[in-house]
Structure formats: structure tokens, C-alpha cells
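Here is a friendly walk through a protein–ligand model, written for someone who likes to check contacts by eye. Please have a look at the chain and its ligand before reading on.

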Amino acid sequence: MGSAADFPKIDFTSNFQNIINNALSSTPETRQAVDPSTEELLYHVPLSKQADVDKAVSVAKAAFPAWKALSYDERAGYLGRYADAIEANVSGLQELLMKEAGKPVSNAAGELQFAIAHVRETAKLRIEDDLIEDTEERRATVRYLPMGVGVGIIPWNYPVLLGLGKLGPAVLAGNTFIWKPSPFSPYTALKLGEIAAQIFPPGVVQVLSGDESLGPLFTAHPDVAKISFTGSSATGKKVMQACASTLKRLTLELGGNDASIIYDDVDVAQVVQKIGPMAFMHSGQICMDIKRLYVHEKIYDEFLAAFVQVVKSFKVGGGGDPEAFLGPVQNRMQFEKVKDLYSEIGKQKWQVATGGEPVAYDGKKGFFLPPTIIDNPPDDSRIVVEEPFGPIMPVLKWSDEDEVVRRANNTNMGLGASVWSNDIEKAERLARRLEAGSTWVNSHFELSPYVPFGGHKWSGVGMDWGIVGLKGWCNTQASWVRKKF
Ligand code: NAD
């Protein structure tokens with residue numbers, strides 16, 4: 001690890017520009033995003049257009065041959081130095097992340113630490129050729145070759161981790177990479193691009209900010225080889241459609257409506273302490289937050305009462321509040337969407353265990369909503385069927401295993417699912433029946449740069465991370481050698 005003094009410091013309060021060919025690059029027009037804790041406008045950022053995209057893609061394409069010619073160890077060395085340089089700038093990045101994403105300090109710090117570790121650990125991954133057949137007559141080998149120019153399209157909820165989580169594997173595999181942040185959270189990405197410009201050869205890592213018209217310019221571009229997209233299922237479908245015109249490779253990490261099934265043999269007091277943060281972390285704005293909680297009827301009342309106490313203990317506050325655990329919803333669009341779901345409480349006569357419809361706007365700024373638990377609503381209610389992506393969730397009652405599996409799987413989503421029991425074998429048996437890209441027993445949040453992450457059904461196509469994710473940044477090549485004529 002290099003010491004902090006080895007890396008030039010970045011100014012985190014001004015000069016937010018695109019990074020193209022390792023240079024800061026401005027655009028004639030700019031835009032501003034909003035701090036969700038205060039609703040104040042943040043710094044100006046570039047509003048990239050077709051010419052900026054064309055320039056970045058052509059530079060990335062030109063950089064590709066030399067970058068892919070390096071060994072894995074050489075490329076890993078760049079990633080290691082990048083992780084060190086990010087770490088040297090971590091406090092500035094953390095302040096910025098708190099502002100742009102509305103994250104309380106614990107969440108912002110946690111995201112950055114995991115993201116830095118992710119870059120370091122990803123650098124240790126290697127893809128070996130697979131020797132399939134080697135006889136006197138012939139040899140068959142499977143190779144994994146980088147694709148070319150890769151683009152990462154990133155949402156606003158984990159702007160650092162999700163961006164770096166694509167950048168690391170993309171460049172390690174030998175691709176060049178362009179980062180397109182969400183218009184709602186472009187700031188950390190641009191500064192991480194500025195840091196990258198001090199580390200990588202020109203054109204290997206670039207960052208472009210813009211409005212909602214920017215993503216489609218990348219998905220349509222003929223010289224982009226691969227799109228790795230994280231966002232909503234609705235946008236994912238548009239991305240897939242757009243990529244079809246040039247047959248781009250793509251990975252889609254999409255929405256979730258994760259079920260968690262609690263058996264009646266658990267220690268309620270212990271389990272609610274774990275489930276609380278896993279359901280409400282980042283105010284419900286994580287793809288893999290627990291979004292439907294199925295509790296066995298024998299412990300339902302006791303569990304709900306204890307769960308309510310845990311959720312009531314979460315302090316809600318903005319980025320500047322060091323004691324806050326839950327921040328605001330990240331942007332006005334999402335705020336209005338989630339508020340619409342809260343407005344169903346009265347209309348549908350849902351039982352509220354804690355929280356409830358937000359009180360009338362009293363002039364207080366920030367997109368804050370009360371953490372809310374709905375007590376056993378009907379299975380076909382919006383709060384069960386839809387991904388809320390806000391601090392509101394249902395707790396549901398179950399009694400029969402087959403029935404709860406059917407209910408948990410009765411959704412187009414399939415990101416994650418968990419089962420909680422003291423009987424691990426029983427829990428694993430049930431978990432195997434759940435249709436999801438990740439299943440957990442007695443947890444819901446285990447993640448590792450070495451383990452692939454992705455969704456089934458409308459929650460995604462392909463996986464990020466681990467060797468599976470790294471191979472997702474490669475074209476597979478069958479290589480035949482005939483030894484005798
Ligand atoms: P979104 O789909 O609105 O936007 C995601 C990104 O796509 C943004 O950068 C946006 O500018 C860009 N975009 C928008 N339209 C585009 C188009 N037509 N072509 C190309 N790019 C386009 O998602 P969001 O609101 O930013 O994020 C919330 C969603 O992301 C939730 O559904 C959540 O579950 C999901 N998510 C999934 C994962 C995962 O790993 N599966 C992780 C985090 C978030």
C-alpha cells in the first residue's frame with residue numbers, strides 16, 4: 001500500500017468535469033444535482049452530448065490494444081495503486097457521497113470501505129485457460145478474451161460501490177472502461193475518474209456525466225462492445241432492446257423484491273436485531289434489502305412487536321447528522337413514487353405497525369419519510385407486489401412450507417431471498433426452492449468480490465463479481481490445435 005502522501009490530493013468542492021483521455025473535459029452546458037437532505041442544488045457538472053461520447057469511445061478504442069496486451073499481473077498492479085489513491089482521498093469522497101446520495105456517515109463510510117476492498121480483492125482474480133482435451137492428435141482449449149470498450153451504467157443508490165464494482169473486473173480482464181453515473185449522483189464518479197487519470201494509461205478509465213439522454217448514446221454506439229447496467233427492470237428492458245441493434249454483450253443487474261422467510265424456531269430477540277438493518281438499510285433503497293418478510297404464524301405477534309421496536313430505534317436524519325441511521329429518499333422522483341405507495345395506506349386500509357403516511361409538508365426540507373411496517377396486508381396489494389425502494393415494507397404471516405415457497409416465488413423478481421431457522425439443514429432445503437440469484441440462510445447481506453451477484457427472472461441477466469463476473473467481461477474463444485495432419 002502506498003502512503004497517503006504519495007498521491008496528489010483532489011479538490012472535492014469544485015471543478016467537476018468529465019475525464020476523457022486522462023484530461024479534465026468541460027461541456028458548453030452544465031447541470032446540477034440536488035442534495036436530498038437539504039434540497040439544495042449541488043455543484044455544476046458536465047452535460048455530455050454525442051460529440052463527448054464519440055470522443056471518449058474513440059479514445060477508449062485506441063487504448064484497448066496496448067491495455068489488453070499487458071499481463072493480468074500488470075493490470076492488477078494498476079488496480080492496486082488505484083485502490084491506494086482512492087483510500088488517500090477517502091475523507092473528501094465520503095463528504096461528497098453523503099451530500100449526493102443523502103447517506104448518513106455510517107452508510108457512506110461503509111460503502112467506501114467495501115468499494116476500496118472490492119478493487120483490491122478483484123485485482124487478485126485470475127482467469128485461466130481451460131484445457132478440455134489434449135491427445136496425440138489434437139488439443140482443445142477454451143480462452144477468455146477481453147471484449148474492447150466497456151461501459152458501466154450506474155444507478156444513484158450505491159454510486160461508488162456499483163461503479164468501482166464494474167470498473168475493477170472490466171479493466172482487469174483487459175477492457176477499457178467508461179463510467180456513466182446516474183444524473184442524480186454524478187459527483188463521486190467524476191472525482192474517482194480524476195483519481196484514475198493519475199494512475200491508468202490514457203483512455204483506460206473515463207467518466208462522463210450527463211442527463212437521462214446520455215445512457216442511450218452509449219447503448220446505441222457501434223464501437224461499444226459491452227454494456228454493464230445496474231438499475232431498474234424497466235430501464236433494463238430498454239437497454240437490452242437498444243443493445244440488440246448492434247448485438248452488444250450485456251449484463252443487467254436489476255430490481256429486487258426479496259423475500260425473507262422466518263421459521264418459528266428462531267430466537268426472536270436476536271433475529272429482529274439482524275433483520276431490522278437488512279430491511280431498512282439506506283431507507284429501503286438497496287436492491288437486496290429485505291422487501292417482503294414472511295414470519296411463521298406461531299411467532300408472528302411476538303416477532304412483529306420486537307421488529308417494530310428495532311425499527312423505531314433507527315434515527316432518521318441527513319448526511320450531517322452523525323447519529324442518523326436512515327437518510328432521505330435520494331431524489332424527488334423516487335420520493336414522489338414512494339409517497340404514492342404510502343398514500344395507499346388509508347385507501348386500502350392497511351394495518352400500520354409503525355410509521356404511516358407522512359404528515360403534511362411543514363416547510364422542512366429533505367426527502368424524508370417515516371420508516372413504516374405494514375402488518376399482514378393481502379398478497380396482491382401493491383406493497384407486496386411492487387419493489388417500494390423506500391422505507392416501507394410488509395410483514396406477512398405463513399404456516400405451510402409449500403405455500404410460503406409459492407408466495408415467495410410468485411413474482412417476476414428474483415434477486416435475493418433468505419431463510420432463518422436454528423435448523424440449518426431444514427433452512428437450506430427451503431432456500432434451494434427459492435427462485436433468486438442469491439440465497440442466504442440466517443443472513444441476507446453476505447457479499448464478496450469473489451462471489452457472483454446477480455438476479456434471476458426480471459432481476460437480471462448475467463452476474464457481476466467473482467470469476468463468473470470477470471468472464472462476463474470476456475468473449476469465450478474455443479482454440480483448436482491439430483497436432484497431426
Ligand atoms: P434507473 O433504471 O432509472 O437508472 C439507472 C441508470 O440508467 C442511470 O444511470 C440512468 O441515467 C440510466 N438510464 C436511464 N435510462 C436509460 C436508457 N434508456 N438507456 C441507458 N441508460 C439509461 O434506476 P435507478 O432509479 O437509478 O436505480 C434504482 C433501481 O436500481 C432499483 O430498481 C434497484 O433495485 C436497482 N438496483 C439494482 C441493483 C442490482 O445489483 N441488481 C443494485 C442497485 C440498484
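Contact here means heavy atoms within 4.5 Å. With that cut-off, and leaving out residues up to four places away in sequence, N157 touches K103, E111, L162, H282, Q285, I286, C287 and F389. Please keep in mind that this is a predicted model.

**Around N157, Q334 and F389**

N157 sits in the loop that joins β7 (149–153) to α5 (159–172). Is N157 buried or exposed? Its relative accessibility is 5%, and buried means under 20%, so N157 counts as buried. The side chain of N157 also has a polar partner: it reaches the backbone oxygen of Q285 at 3.0 Å.

Q285 turns up again among the neighbours of Q334. Not counting residues up to four places away in sequence, Q334 touches W156, Q285, V329, P388 and F389. Q334 belongs to helix α11 (residues 332–342) and is buried, with a relative accessible area of 4%. A polar atom of the Q334 side chain lies 3.5 Å from the backbone oxygen of P388.

F389 appears in the contact list of N157 and in that of Q334. What is unusual about the backbone of F389, given that it is not a glycine? Its phi is positive, at about 55°. F389 is placed in the loop between α13 (382–385) and β16, and with 13% relative accessibility it counts as buried.

N21 makes a useful companion case. N21, not a glycine either, has a positive phi of about 55°. It is found in the loop between β1 (18–20) and β2 (23–25), and at 38% relative accessibility it counts as partly exposed.

**The ligand and its shell**

Which residues come nearest to the ligand? Of the 28 residues around it, the answer is I154, E212, T235, L254 and E387. By class, this shell is made up of 15 nonpolar, nine polar and four charged residues.

Three polar pairs between protein and ligand are set out below.

| Protein side | Ligand side | Distance |
|---|---|---|
| N or O atom in the side chain of E212 | oxygen atom | 2.6 Å |
| N or O atom in the side chain of W156 | oxygen atom | 3.0 Å |
| backbone N or O atom of G231 | oxygen atom | 3.2 Å |

On its own, the ligand has 860 Å² of accessible area, and the protein covers 91% of it. Two or more residues of the shell come from each of α7 (214–219), β10 (226–230) and α8 (233–244). W156, whose side chain takes part in one of the pairs above, is also one of the residues that Q334 touches.

**Nonpolar cores**

The largest nonpolar core has 67 residues. Those with the most contacts inside it are Y82, L164, L167, V171, W179, L192 and F200. Which helix gives the largest share of this core? It is α2 (residues 72–88), with nine residues. For a closer look, try Y82: not counting residues up to four places away in sequence, it touches L164, L167, L192, G193, I195, A196, I199 and F200. There is also a second, separate core of 29 residues, which includes Y294, L341, F367 and V419.

**Helix α14**

Helix α14 (residues 401–409) has V404, V405, R407, A408 and N409 as its buried residues. What do these buried residues pack against? Their partners are β12 (258–262), β13 (290–296), β16 (392–398) and α15 (424–431). At the start of α14, a side-chain oxygen of D400 comes to within 3.2 Å of the backbone nitrogen of D402.

**Sequence distance and spatial distance**

Two residue pairs finish the tour. T135 and K483 are 348 residues apart along the chain, while their C-alpha atoms are separated by 8.7 Å. T135 lies in the loop between β5 (130–134) and β6 (138–146), and at 32% relative accessibility it counts as partly exposed.

The other pair is A66 and D375, which are 309 residues apart in sequence and 59 Å apart in space, C-alpha to C-alpha. A66 is in helix α1 (residues 50–69). Its relative accessibility is 53%, and exposed means over 50%, so A66 counts as exposed.

Terms used. Residues numbered from 1 in each chain as written. Predicted model: local features only at pLDDT ≥ 70, side-chain atom pairs only at ≥ 80, totals over all residues. Heavy atoms only, no water. Near = heavy atom within 4 Å. Polar contact = N/O pair within 3.5 Å; in protein donor to acceptor, adjacent residues only side chain to side chain. Areas by Shrake-Rupley, 256 points an atom, 1.4 Å probe, with all protein chains shown as cover. Helix = DSSP H or I, 4+ residues; strand = E, 2+ residues; numbered from the N terminus. Nonpolar A, V, L, I, M, F, W, Y, C, P; charged D, E, K, R; others polar. Core = buried A, V, L, I, M, F, W, Y, C linked by side-chain atoms within 4.5 Å. Buried < 20%, exposed > 50% of the residue type's maximum accessible area, 1.4 Å probe, protein only.
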